[in-house]
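Reader: I've got a new structure open on my screen and would like to talk it through. Could you take my questions one at a time?

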Amino acid sequence: MTNASFDSPSRVAALIVAAGRGTRAGGVLPKQWQNTAGKSVAQWTLNAFEAHPQVQDVLVVTHPDDDAFAQQLSVPTVHGGATRDASVKAGLNALKGLGITHVLIHDVARAGIDPVTISAVINALKNGAEGAAPALAVTDALWHGDGAKVTGTQNRDGLFRAQTPQGFAFDAIHAAHLAHPGGAADDVEVARAAGLDVTIVPGNERNLKITTPGDFARLEEHLLATQEHKMDIRLGNGFDVHAFEDGDHVILCGVRIPHTKALKGHSDADVGMHAVTDAIYGALAEGDIGRHFPPSEAEWKDMDSALFLKHAVDLATAKGFVISNIDCTLICERPKIGPHAAAMMARMGDIMGLASDRVSIKATTSEKLGFTGREEGIAAIATATLVKP
């Protein structure tokens, strides 16, 4: 099976499974509705996915007895089944037909999920993985036991502690669940039974699953520590200029626009995308495009500028940052940008893995002043906001 491509418009949904009863966790209420650090477990989990810039939709699968709690949530809900895999199937059925290309399936009880782990799963899918899931390598010695006695040991090489979210191309995992007889431990088991390969990405100790009463205190400690931790917020700006030359079109923010001239440059001269790319590099204190892709090197001649932007985004991710939003202003008399702005926002958002409402593309003129006013070229200025939790 092939993975849905992030090179075409993508839409990522988070499917949060919250239909279980969680009796081992204790308490009068199911664990997902119990409060810790000032909010319910479900609300903490929901907030993490709602705040992530690469997640466009969130659906929570709930128990029919929990409608009063579900109504307090800010996202759509659907009733689940008697087992976890039945609940996931119900959620996938509800998402079918909504244009979802990729889905992250997450256990509500893992309320310590962090944006870096979410990004790692999404980026693995973006880079071609059929499935991706976070996990931690087992480091403790493992024993077999019978009651209170040790009966043997288990080699821990190659063993991992599985976590969620577990991400997949939507159509592939939906088909896998429809074909599966049921009883799976998690969605990775369902995916592998259908022949899908699953890539392991780094997990996080904070991403623990509430199972017993003592886990609430551990989760609260992690959540409060995260709240007290000052986020690293970076702003970067980029500025670029390209002159006109003979031609019949320009490429701006990834969109080909018919025009009486072309933009001159070593690559495709996408002045808007170059400004955004430089803004991301600037926020990371990583120089500009010229440092990473020198125009003196022939291999970058006529290159699609999407390559440069993807490199900047991947560099930000590798450094632990999430791109929150970008704002780009194109400065020119012509061509008119307004009719193409929506397509530009969609294309730029697709390359960066951002919802289009986090990508601002707009234009202004220089009132006939300067080189842009004389229609000798186009300038662009951009700002990027990066956040490391």
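Reader: Let's start with charges: how many salt bridges does a search of the whole structure find?
Author: Keep in mind that this is a predicted model. Side chains of opposite charge can pair when their charged atoms come close. Searching the whole structure for salt bridges gives a total of 17.

Reader: Take K209, then. Which residue does it form a salt bridge with?
Author: The closest N and O atoms of this pair are 3.9 Å apart, and the cut-off for a salt bridge is 4 Å. The partner of K209 is D107.

Reader: And how many residues apart are K209 and D107?
Author: K209 is in the loop between β12 (198–202) and α7 (214–228), while D107 belongs to strand β6 (residues 102–107). The pair therefore links distant parts of the chain. The separation is 102 residues.

Reader: On to helices. How do α3 and α5 lie relative to each other: parallel, perpendicular or oblique?
Author: Two packed helices are described by the angle between their axes and the distance between the axes. Here helix α3 (residues 84–95) and helix α5 (residues 170–179) have axes that come within 10 Å and cross at roughly 135°. That angle is why α3 counts as oblique to α5.

Reader: Is the crossing of α3 and α5 left-handed or right-handed?
Author: The residues that meet include V88, L92 and L95 in α3, with F170, I173 and L178 among those in α5. As for its hand, the crossing of α3 and α5 is left-handed.

Reader: What about α10 and α11, parallel or oblique?
Author: Helix α10 (residues 306–318) packs on α11 at about 50°, and their axes are 9 Å apart. From α10, the contact uses A306, L309, K310 and V313; from α11, it uses R347, M348, I351 and M352. Given the angle of about 50°, α10 is therefore classed relative to α11 as oblique.

Reader: Which residues of α11 make the contact with α8?
Author: Helix α8 (residues 271–283) and α11 pack at about 35°, with axes 12 Å apart, and their crossing is right-handed. On the α8 side, the contact comes from M273, V276 and I280. On the α11 side, it comes from M348, I351 and M352.

Reader: Any odd backbone spots? Which residue is joined to P165 by a cis peptide bond?
Author: Most residues other than glycine have a negative phi, and most peptide bonds are trans. P165 sits in the loop between β10 (160–162) and β11 (166–169). The bond into P165 is cis, with omega near 15°, and it comes from T164.

Reader: And P335: what is omega for the bond that joins R334 and P335?
Author: P335 is in the loop between β17 (322–331) and α11 (341–352). The bond joining R334 and P335 is cis. Its omega is about 0°.

Reader: C253 looks funny to me. What is its phi?
Author: C253 sits in the loop between β14 (249–252) and β15 (255–258). Its phi is positive, in a residue other than glycine. The value is near 50°.

Reader: How far apart in space are G152 and S119?
Author: G152 is in strand β9 (residues 149–154), and it touches L142, W143 and H144, leaving out residues up to four places away in sequence. G152 and S119 are 33 residues apart in sequence. From C-alpha to C-alpha, the distance is 39 Å.

Reader: Last one: which residues make the nonpolar surface patch of about 340 Å²?
Author: One member, F239, is in strand β13 (residues 232–246). The full set is F239, V241, F371 and I381.

Definitions and conventions. Residues are numbered from 1 along each chain as its sequence is written. This is a predicted model: local features need pLDDT of at least 70, side-chain atom pairs count only at pLDDT 80 or more; totals for chains, interfaces and linings use all residues. Side-chain values use heavy atoms; hydrogens and water are left out. Patches are made of residues with over 30% relative accessible area and no salt bridge: like charges are joined within 9 Å, nonpolar side chains (Val, Leu, Ile, Met, Phe, Trp, Tyr) within 5 Å. Accessible areas come from the Shrake-Rupley method with a 1.4 Å probe; for residues, only the protein chains shown count as cover. A salt bridge is a side-chain nitrogen of Lys or Arg within 4 Å of a carboxyl oxygen of Asp or Glu. Helices (H or I, at least four residues) and strands (E, at least two) are DSSP runs, numbered from the N terminus. Axes are lines fitted to C-alpha atoms, for helices over the stretch in contact, and angles run from 0 to 180 degrees between N-to-C directions. Angles under 35 degrees count as roughly parallel, over 145 as roughly antiparallel, 65 to 115 as roughly perpendicular and the rest as oblique. A crossing is left-handed if the near helix is turned anticlockwise from the far one by less than a right angle, and right-handed if clockwise. Contact means heavy atoms within 4.5 Å.
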